[in-house]
Amino acid sequence: MSHKIVIVGGVAGGASAAARARRLNEQAEIIVFERDSFISFANCGLPYHIGGEIEERSALLVQTPESMKARFDLDIRIKTEVIGVDAAAKMVTVKNLDTQETYSESYDDLVLSPGATPIIPPTPGFDLPSVFTLRNIPDMDRILQKINLEAPRTAVVIGGGYIGIEMAEALIHRGIETTMVELANQIMPPMDPEMAVPLHQEMRRNGVDLQLSDAVEKVTETDGRLTLDMRSGKKFETDLVILAIGVRPENSLAKLAGLALGEKGGIQVDSQMRTSVPNIYAVGDAIEVKDFVTGLAAQIPLAGPANRQGRIAADNIFGRASEYKDTLGTGICKVFDLSAASTGASEKLLTFKGIPYEKVYVHAADHAGYYPGATQINFKLIFDPTSGKILGAQAVGKKGADKRIDIIATAIRAGMTVWDLEEFELCYAPPFGSAKDVINQAGFVASNVIRGDHEICHSADIDAFGDDVMLIDVRNPTEIGTLGTIDEAHNIPVNNLRENLGRLPKDKTLVVFCAVGLRGYVAYRMLIQHGFKVKNLTGGFTTYQMVKRIGK
């Protein structure tokens with residue numbers, strides 16, 4: 001008798017589990033229940049079809065029920081919802097959403113991949129017809145119908161995460177005046193606040209009215225127009241609203257099955273994707289994972305992990321000892337002409353959890369500056385201040401952010417340290433990189449800090465400095481005239497420092513800074529060897545400006 005696997009939900013996790021199971025066992029009976037009409041689609045591409053970058057809707061369909069049946073011989077039942085689980089009898093109760101018929105189906109192993117549902121707060125008016133969420137193709141179709149038939153002039157996006165940012169850009173591309181409302185003082189939650197500042201500037205540069213540290217308290221509709229009453233007292237009138245506040249794990253079926261849930265509401269699984277009930281596995285956005293860096297419970301709804309989890313569940317069903325080794329949360333988002341990428345732990349998470357860390361900033365070109373087209377990457381590296389173990393990184397830039405964060409993600413997985421980054425041998429030719437890549441530079445800076453060759457301070461500390469500190473701006477006067485400087489800073493260009501040593505006090509700490517930190521380091525090494533007490537402002541005036549603009 002063949003082994004019978006029932007999979008609830010398709011898309012990334014469920015579809016991957018089904019395909020892997022068939023590759024491992026040609027005789028198994030594999031049934032996939034999907035309550036929508038689409039078994040495997042590119043949900044990450046939905047905003048790009050709305051915005052017109054992906055022209056054909058069919059391009060979003062990774063697999064159809066027919067193609068998966070033909071290739072993998074799967075029994076795929078769309079518009080069919082599993083509404084109950086009897087774990088003791090190893091049976092599921094199924095409802096055909098077209099006919100409303102219910103029936104039972106047995107299983108030897110059950111894989112739950114129900115995904116996540118959009119968070120919709122109980123705010124008055126969030127249930128109005130012109131208030132939308134975006135999680136699947138039917139959601140996308142409803143938004144497109146509104147845009148194509150009614151030609152809205154204005155829109156408000158609530159929430160500044162991945163989907164919110166991508167939807168704001170899509171609406172701007174469609175010629176719709178767009179406002180974004182975000183409760184926090186920054187968009188892009190995986191990033192630290194100062195790293196989000198260039199994103200705020202890019203959103204506004206492209207016409208998005210960004211409203212930070214505010215929230216919608218009520219939505220009303222009059223003559224087809226929506227009015228949003230804000231916590232701040234502001235009011236906005238608009239034609240449509242996109243809710244992109246976030247998602248929560250779909251755990252209703254897990255509760256019915258008596259599965260253990262984690263502290264964040266996701267289904268608890270072990271490293272082999274097994275739940276607390278025998279012969280039931282769970283994968284994808286519905287599960288709670290462990291953060292690779294901190295070991296803490298986390299909810300990280302990303303397609304890459306979901307695909308791997310589906311594969312691992314199928315492996316273990318057929319006796320292959322396969323393990324999921326936690327989640328780094330590596331991600332990237334297009335923000336008009338910029339890319340924002342991150343991996344591992346953020347500074348705000350480490351601070352909240354009381355985990356020791358140090359950080360450095362590098363602002364360098366994505367490839368050799370003398371080759372045309374070089375653009376700046378703002379790079380933040382977070383590491384253990386004693387061992388040098390890499391804890392996380394963030395990058396923002398027009399080009400190359402993805403490459404650098406992928407490298408750091410690999411390094412974190414391998415347990416590498418900042419000293420390893422010094423030794424990385426990366427591709428170099430003038431059109432593609434630099435002889436000392438951004439990654440190498442970050443390794444040099446961080447390693448020097450731990451070795452004691454380079455004492456740094458941070459932009460957030462500047463305002464707390466007293467009379468025992470002197471700020472020295474080592475840039476050229478022309479730079480200061482164009483870009484400004486920090487209040488009360490004395491300007492002595494780095495090339496003139498040696499001839500001005502007599503002007504500097506030895507009873508004060510000298511905090512030196514330049515544009516990005518490199519000339520500041522040269523000044524630091526010079527002054528420290530002349531007997532001065534010195535610190536270098538990591539990331540220089542560029543990071544200082546980012547920090548001062550947090551929340552703006």
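**Pockets, a strand and its core**

Colleague: Into how many nonpolar, polar and charged residues does the lining of the second largest pocket divide?

Modeller: This is a predicted model, and in it the second largest pocket holds about 420 Å³ of space. Of the 17 residues that line the pocket, Val362, Gln441, Val445, Gly517 and Leu518 are the closest to its centre. Taken by class, the lining residues come to eight nonpolar, eight polar and one charged.

Colleague: Which strand and helices each supply at least two residues of that lining of the second largest pocket?

Modeller: To find them in the structure, look for one strand spanning 358-365 and for two helices, one spanning 438-451 and the other 518-528. Each of these elements gives at least two residues to the lining of the second largest pocket, and their names are E26, H12 and H14.

Colleague: Which helix gives the largest share of the lining of the largest cavity?

Modeller: The count comes to one cavity of 30 Å³ or more, and the largest cavity holds about 50 Å³ of space. Of its 13 lining residues, the closest to the centre are Gly284, Val289, Ile300, Pro305 and Gln309, and the lining as a whole divides into eight nonpolar, four polar and one charged. Strand E22 (287-290) and a helix covering 303-317 each supply at least two of the lining residues. The largest share, three residues, comes from helix H8.

Colleague: Turning to strand E9, which of its residues point the other way from Asp109 and Val111?

Modeller: Strand E9 covers residues 109-112, and its four residues are all buried, which means that each has under 20% relative accessible area. Asp109 and Val111 point one way from the strand, while the other way is taken by Leu110 and Leu112.

Colleague: Which residue in E21 is the bridge partner of Leu112?

Modeller: Strand E9 runs parallel to strand E1 (residues 4-8), joined to it by four bridges, and there Val6 stands opposite Leu110. E9 also pairs in the parallel sense with E21 (residues 280-282), over three bridges. In E21, the bridge partner of Leu112 is Ala282.

Colleague: Which residues touch the most other members of the largest nonpolar core?

Modeller: Leaving aside neighbours within four places in sequence, Leu112 is in contact with Val8, Leu253, Leu259, Ile267, Ile280, Tyr281, Ala282 and Val283. Apart from the largest core lies another, of 42 residues, including Leu46, Ile147, Ala168 and Ala170. Within the largest core, which has 47 residues, those touching the most other members are Val92, Leu110 and Leu112.

Conventions
Residues numbered from 1 in each chain as written. Predicted model: local features only at pLDDT ≥ 70, side-chain atom pairs only at ≥ 80, totals over all residues. Heavy atoms only, no water. Buried < 20%, exposed > 50% of the residue type's maximum accessible area, 1.4 Å probe, protein only. Pairing = 2+ DSSP bridges. Core = buried A, V, L, I, M, F, W, Y, C linked by side-chain atoms within 4.5 Å. Contact = heavy atoms within 4.5 Å. 1 Å grid on protein atoms, 1.4 Å probe; cavity = no way out; pocket = protein on both sides within 12 Å on 5 of 7 lines; lining within 4 Å. Points joined across faces, edges and corners; volume = space filled by probe spheres on them. Nonpolar A, V, L, I, M, F, W, Y, C, P; charged D, E, K, R; others polar.
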